[in-house]
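Me: I would like to go through the labels given to this structure and ask what each of them rests on.

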Amino acid sequence: MPDLKRIFRQYHQYLKLEKGFSDNTCDAYERDVQKWLDYAADEGTDWLSPPLEAFHHFSAQIRDLGIHATSLARILAGVHSFYLFLVMADVIEGDPMELLEFPKKPQHLPDVLTVDEVDRIEAAIDLSKPEGHRNKALIEVLFSCGLRVSELCGLKMQDLYLDEGFIRVEGKGSKQRLVPIAESAVKELRLWFIERDAMDIRHGFEDYVFISRFRKNMSRITVFHIIKELVALAGIEKTVSPHTLRHSFATCLLEGGANLRAIQAMLGHESIGTTQIYLHTDTSRLRAEILEHHPREIYLSRRKG
């Protein structure tokens, strides 16, 4: 019988080094696998060669607890990842979950903002207040770069290459990518920096781009509240979050005709890491996609014309 503790250590290394997952993601995968192993032990099921029926019973037990289909799908995906690793590591010969039908995730289409609605949100900002230009820059960066809220909050001055038209973003799994930034966002950032330079920023937080009233980098919750308040002031009756701006960014590019793989790279989706090796997608091409298809850039080019 293989040593389960040793296998788990190897599995952790696989998730961390081969898949590039963060510690939190690795822990989540391992917790899901442990749920299954505990169940198998309680039921007297051999975890090395479990029958397909065992996974059906495991799924049913989770459903009986009132767990949502999305969470069940995630747990089963974690368990499946473990067994695929066991096959790859020659611990077992075949994938016991190969014929398992995974629960379908509900198709929920998030709200998307139009360019006019983004303009209405920005128009609701009181630029006479100290945080006015910061909030407008915040909206512009989210909409023109498609950042996650965590990426926005972690953005540092040393990550900005505004003269070159790029910012460096650290995404999931500490993976870095270069993201083109629209001129409109650059303009709002420079206006915010005038206010930022006058702030007495707390020690250790001097390099963060977006600073809160507590003189430190902004939290995700603060960004959520700012956007929620501005959406209400703008009279927009949609459920809007920082992710809505990210989704709107991708939708605008897609509808404008941008290359799907370029959008994936811009968003920092995990799957693009493999495809880039074969597609040779470079940052100059990504920037060209944004300049050609993002509504902010189209508008500015028309004004210049």
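**Reasons behind the labels**

Me: Why is Cys153 called buried?
Reply: In this predicted model, Cys153 has a relative accessibility of 9%, and because buried means under 20%, the label applies to Cys153.

Me: What makes Cys145 count as buried?
Reply: Cys145 stands at 0% relative accessibility, which is under the 20% cut-off, so Cys145 counts as buried.

Me: How many disulfides does a search of the whole structure find?
Reply: The search finds zero; a disulfide would require a pair of cysteine sulfur atoms within 2.5 Å.

Me: Why is Asp90 called exposed?
Reply: Asp90, which lies in the loop between α4 (69–88) and α5 (115–123), has a relative accessible area of 69%, and because exposed means over 50%, that label follows for Asp90. Asp90 also has a positive phi of about 60° although it is not a glycine, whereas most residues other than glycine have a negative phi.

Me: What makes Arg215 partly exposed?
Reply: Arg215 has 35% relative accessibility, and because partly exposed covers the range between under 20% and over 50%, Arg215 receives that label. Its place is in the loop between α8 (183–197) and α9 (220–233), and its phi, near 65°, is positive.

Me: How do you know that β1 and β2 pair?
Reply: Two bridges join β1 to β2 (residues 166–170), and pairing asks for at least two, so the two strands, which run antiparallel, count as paired. In one of these contacts, Leu160 has Ile167 in β2 as its bridge partner.

Me: Why do β1 and β3 stand at the edges?
Reply: The open sheet of three strands has the order β1-β2-β3; β1 (160–161) and β3 (176–180) each have a single partner strand, so one side of each is left without a neighbour in the sheet.

Technical notes
Residues are numbered from 1 along each chain as its sequence is written. This is a predicted model: local features need pLDDT of at least 70, side-chain atom pairs count only at pLDDT 80 or more; totals for chains, interfaces and linings use all residues. Side-chain values use heavy atoms; hydrogens and water are left out. Helices (H or I, at least four residues) and strands (E, at least two) are DSSP runs, numbered from the N terminus. Buried means under 20% relative accessible area, exposed over 50%, partly exposed in between (1.4 Å probe, protein chains only).
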